[in-house]
Amino acid sequence: MYKYNQTTCKEEPYTPPVEDGYYPIYCDNMDKKINCAQCGKEITFGDGYTSREIYSGPWGHMVCVDCMEKEMEREREYEKRSDI
Ligand SMILES: [Zn+2]
């Protein structure tokens with residue numbers, strides 16, 4: 001698992017917060033309990049959003065709605081900086 005750091009623009013090895021959590025990239029059961037890859041909170045797969053920062057290969061892991069909002073906030077900050 002890797003995390004893209006939008007402040008340094010670098011990819012870093014990433015360990016999710018809940019050690020024995022479940023962080024699937026793909027799941028065909030939307031009601032399956034998984035963990036948010038950012039904060040570790042338990043959510044259902046169907047409630048998750050594909051992370052823009054945490055991934056394995058080309059696939060993003062699932063994050064909860066709160067973490068997705070924070071990711072989008074960091075992305076907006078990043079875009080603001082790149083406009084200069
Ligand atoms: Zn989260």
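The following paragraphs describe the fold, the sheet, one strand residue and the nonpolar core of a predicted protein model.

The secondary structure of the protein consists of 1 helix and 6 strands, arranged along the sequence in the pattern β-β-β-β-β-β-α. The radius of gyration is 13 Å, close to the 12 Å that the globule rule gives for 84 residues, so the protein is as compact as a globular protein of that length. Along the principal axes, the C-alpha atoms occupy a box of roughly 45 × 20 × 20 Å. Buried positions account for 19% of the 84 residues. Of the contacts between residues at least 6 apart in sequence, 29% link residues that are at least 24 apart.

Four of the strands are assembled into a sheet. This sheet is open, has the strand order β2-β1-β5-β6 and shows antiparallel pairing. Strands β2 (10-13) and β6 (59-63) lie at the edges; each has a single partner strand, so one side of each is left without a neighbour in the sheet. On average, and with direction ignored, neighbouring strands of the sheet are turned by 55 degrees against each other. In general, strands of a sheet pair through backbone hydrogen bonds, in either a parallel or an antiparallel manner. In the present model, β5 and β6 run antiparallel and are joined by 4 bridges. Helix α1 (residues 65-83) packs on the sheet and touches both β5 and β6, with its direction making about 70 degrees with that of β5.

Thr50 illustrates the pairing of these two strands in residue detail. This residue belongs to strand β5, which spans residues 49-56, and stands opposite Met62 in β6. Beyond the residues up to four places away in sequence, Thr50 touches Gly60 and Met62. Thr50 is partly exposed, because 14 other C-beta atoms lie within 10 Å, whereas 20 or more would be required for a residue to count as buried. The C-alpha atom of Thr50 is separated by 13 Å from that of Ile34, a residue 16 positions away along the chain.

Both Ile34 and Met62 are members of the largest nonpolar core. This core comprises 9 residues in all, namely Ile34, Cys36, Ala37, Ile43, Ile54, Met62, Val63, Cys64 and Cys67. Within this group, Cys67 touches Cys36. Further contacts of Cys67, again with residues up to four places away in sequence not counted, are made with Gln38 and Cys39.

Note on methods: Residues are numbered from 1 along each chain as its sequence is written. This is a predicted model: local features need pLDDT of at least 70, side-chain atom pairs count only at pLDDT 80 or more; totals for chains, interfaces and linings use all residues. The radius of gyration is taken over C-alpha atoms; the globule rule is 2.2 Å times the number of residues to the power 0.38. A residue is buried if 20 or more other C-beta atoms lie within 10 Å of its own, exposed if 12 or fewer, and partly exposed in between; C-beta atoms are placed from the backbone. Two residues are in contact if their C-beta atoms, placed from the backbone, lie within 7 Å. A nonpolar core is a set of buried Ala, Val, Leu, Ile, Met, Phe, Trp, Tyr and Cys residues joined through C-beta atoms within 7 Å. Two strands pair if DSSP finds at least two bridges between them. Axes are lines fitted to C-alpha atoms, for helices over the stretch in contact, and angles run from 0 to 180 degrees between N-to-C directions.
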